[in-house]
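Biologist: Thanks for sitting down with me over this model. Shall we go through it together, starting with one helix and working outwards?

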Amino acid sequence: EIEKAFKALAEMEDVGLGGTDQHAYSTLIDACGRLGQIDRACEVAGLVKKRFGGDLSLETTNALLYALGMAGQVEEAFSLYNGLKKRSLTPSTITLSAITSMCLKHRVLDRRVEEVCCSIPSYWFRTHRRL
């Protein structure tokens with residue numbers, strides 16, 4: 001099935017329907033990550049950078065962050081997360097969920113986890129709590 005998705009994306013690009021945003025690419029990165037095809041997820045991220053001028057959107061970053069984290073590429077995931085801060089992008093609930101899921105799955109319990117948790121603004125907890 002993933003091969004069909006890659007083929008469809010290539011066909012869309014061939015006829016100029018690659019889109020003006022990164023949503024289709026993010027979906028493909030997410031699918032690759034869920035299937036454990038991290039090399040292909042990174043390949044798609046490279047295509048996005050080339051097509052859209054170098055930076056990944058928050059949505060695409062989140063998809064790649066989740067894929068890296070689930071594949072156990074902890075250092076790469078934290079590097080990607082730190083890149084958000086350098087680009088002044090505010091992590092979303094999806095970003096924080098991807099980081100915490102990775103940390104739990106791979107038992108990452110070091111200062112970086114504390115830094116992520118401490119970087120969450122206090123208003124975030126009031127606006128994102130579950131009722």
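Biologist: Happy to begin! Which residues of helix 3 are buried?

Modeller: Keep in mind that this is a predicted model. An α-helix has 3.6 residues a turn, so residues three or four places apart point the same way. The buried residues of helix 3 cover an arc of only 120 degrees around the axis, which puts them on the same side. They are Ile38, Ala41, Val44, Ala45 and Val48.

Biologist: Which residues are exposed on the other side of helix 3, and what covers the buried ones?

Modeller: On that other side, the exposed residues are Asp39 and Lys50. As for the cover over the buried residues of helix 3, it includes helix 1 (2-14), helix 2 (23-34) and helix 4 (58-70).

Biologist: How far does helix 3 reach from its first C-alpha to its last?

Modeller: Helix 3 spans residues 38-51, which makes 14 residues. At 1.5 Å a residue, 20 Å is expected. The model comes close to that, with a reach of 20 Å.

Biologist: What kind of aromatic pair do Tyr25 and Phe52 form?

Modeller: The structure holds 1 aromatic pair, so we can give it our full attention. Tyr25 lies in helix 2 and Phe52 in the loop between helix 3 and helix 4, so the pair ties together parts that are 27 residues apart in sequence. Tyr25 is buried, with a relative accessible area of 0%, whereas Phe52 is partly exposed at 25%. The ring centres are 5.8 Å apart and the planes make an angle of 85 degrees, where over 60 counts as edge-to-face.

Biologist: Which residues touch the most other members of the largest nonpolar core?

Modeller: In soluble globular proteins, nonpolar side chains tend to be buried together. Here the largest nonpolar core has 33 residues, and the elements giving two or more residues to this core are helix 1, helix 2, helix 3, helix 4, helix 5, helix 6 and helix 7. The members that touch the most others are Leu64, Phe78, Ile99 and Met102.

Biologist: Is Ser88, with its positive phi of about 60 degrees, buried or exposed?

Modeller: Most residues other than glycine have a negative phi. Ser88 has a positive one although it is not a glycine, and is found in the loop between helix 5 (74-86) and helix 6 (93-105). With a relative accessible area of 65%, Ser88 is exposed.

Definitions and conventions
Residues are numbered from 1 along each chain as its sequence is written. This is a predicted model: local features need pLDDT of at least 70, side-chain atom pairs count only at pLDDT 80 or more; totals for chains, interfaces and linings use all residues. Side-chain values use heavy atoms; hydrogens and water are left out. Helices (H or I, at least four residues) and strands (E, at least two) are DSSP runs, numbered from the N terminus. The expected span of a helix is 1.5 Å times one less than its number of residues. Buried means under 20% relative accessible area, exposed over 50%, partly exposed in between (1.4 Å probe, protein chains only). The arc is that of the directions from the helix axis to the C-beta atoms. Contact means heavy atoms within 4.5 Å. A nonpolar core is a set of buried Ala, Val, Leu, Ile, Met, Phe, Trp, Tyr and Cys residues joined through side-chain atoms within 4.5 Å. Rings of Phe, Tyr and Trp (its six-membered ring) pair if their centres lie within 6.5 Å; planes under 30 degrees apart count as stacked, over 60 as edge-to-face and the rest as tilted.
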